[in-house]
Structures are given as structure tokens and as C-alpha cells.
Amino acid sequence: MTLYYVEALRGGDREAHSYVVGVYDSLELARVAADDHAAYRGGKYTCQVHQTRLNGWTDSDLSATLLYQTG
């Protein structure tokens, strides 16, 4: 099963501070959550949507799983 998780990154920098906003079974739901959360945080956080597989591993190069990023 493919899942999509939304991660919030302060100032767009994972090393500064980041956290998972949610996990979704639909890319569209994940995109809406990313946009809504970025707006809620007032532009301080960039949200990214990544794809992963249930019970699978995630590559350490997250650019390979990045599907969407808020502006």
C-alpha cells in the first residue's frame, strides 16, 4: 500500500526543525493538508509530501520520494 506523509520544515530546513503533520492514503489529501498547514503556520514552515510504502523502508535521499512542496 502506498502512503503519503506530510512533513513541516521550519524555514524549509529539515535540520532547523521539522515534524510529521500526518499520513494519508491519497496524494490529493496529503497536498491539501500540506497547503493548509503551511498557511496555518503563517509561512514559517514549508511542507513537503513524500511517498512511501506500508511496511517498507524510505531511502535516505528524500528527494527521491518528494512529490509536492508548498511555496
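Helices and strands are DSSP runs, a helix having at least four residues and a strand at least two, and they are numbered from the N terminus. With these terms Asn 55 can be placed in the loop between strand 3 and strand 4. The structure discussed here is a predicted model, and its chain has one helix and four strands, which follow one another from the N terminus in the order β-β-α-β-β. The radius of gyration of the chain is 11 Å, close to the 11 Å that the globule rule gives for 71 residues, so the chain is as compact as a globular protein of that length.

**The chain as a whole**

- Along its principal axes, the C-alpha trace of the chain spans about 35 × 25 × 15 Å.
- Of the 71 residues of the chain, 32% count as buried, while the accessible surface comes to about 4500 Å², with 48% of that surface belonging to carbon and sulfur atoms.
- When contacts in the chain with a separation of 6 or more are considered, 50% of them are accounted for by residues 24 or more positions apart.
- The chain carries 6 positive and 9 negative charges, and the mean positions of these two groups are 6 Å apart.

**Two buried residues, one in a strand and one in the helix**

- Val 49 has its place in strand 3, and because buried means under 20% relative accessible area, Val 49 counts as buried at 0% relative accessibility.
- Leaving aside residues up to four places away in sequence, Val 49 touches a list of residues that includes Tyr 4, Tyr 5 and Val 6, as well as Leu 27, Ala 30, Arg 31 and Ala 34, and also Thr 65, Leu 66, Leu 67 and Tyr 68.
- Val 49 and Val 21 are 28 residues apart along the chain, and their C-alpha atoms are separated by 9.8 Å.
- His 37 is found in helix 1, which covers residues 27-40, and His 37 is also buried, with a relative accessible area of 15%.
- Not counting residues up to four places away in sequence, His 37 touches Ala 8, Tyr 19, Val 21 and Cys 47.

**A pair of opposite charges**

- Side chains of opposite charge can pair when their charged atoms come close.
- A search of the whole structure finds one salt bridge, and Glu 7 forms a salt bridge with Arg 14, where the closest N and O atoms are 2.8 Å apart.
- As for the surroundings of these two partners, Glu 7 is buried, with a relative accessible area of 9%, whereas Arg 14 is partly exposed, with a relative accessible area of 31%.

**The loop between strand 3 and strand 4**

- Asn 55, which lies in this loop between strand 3 and strand 4, is exposed, with a relative accessible area of 77%.
- Most residues other than glycine have a negative phi.
- Asn 55, although it is not a glycine, has a positive phi of about 65 degrees.
- Ala 64 also has its place in the loop between strand 3 (45-53) and strand 4 (66-69), and Ala 64 is exposed, with a relative accessible area of 58%.
- The C-alpha atoms of Ala 64 and Gln 51 are separated by 9.0 Å, these two residues being 13 residues apart along the chain.

How values were computed
Residues are numbered from 1 along each chain as its sequence is written. This is a predicted model: local features need pLDDT of at least 70, side-chain atom pairs count only at pLDDT 80 or more; totals for chains, interfaces and linings use all residues. Side-chain values use heavy atoms; hydrogens and water are left out. The radius of gyration is taken over C-alpha atoms; the globule rule is 2.2 Å times the number of residues to the power 0.38. Buried means under 20% relative accessible area, exposed over 50%, partly exposed in between (1.4 Å probe, protein chains only). Contact means heavy atoms within 4.5 Å. Accessible areas come from the Shrake-Rupley method with a 1.4 Å probe; for residues, only the protein chains shown count as cover. Lys and Arg count as positive and Asp and Glu as negative; His and the chain ends are not counted. The place of a charge is taken as NZ of Lys, CZ of Arg, CG of Asp or CD of Glu. A salt bridge is a side-chain nitrogen of Lys or Arg within 4 Å of a carboxyl oxygen of Asp or Glu.
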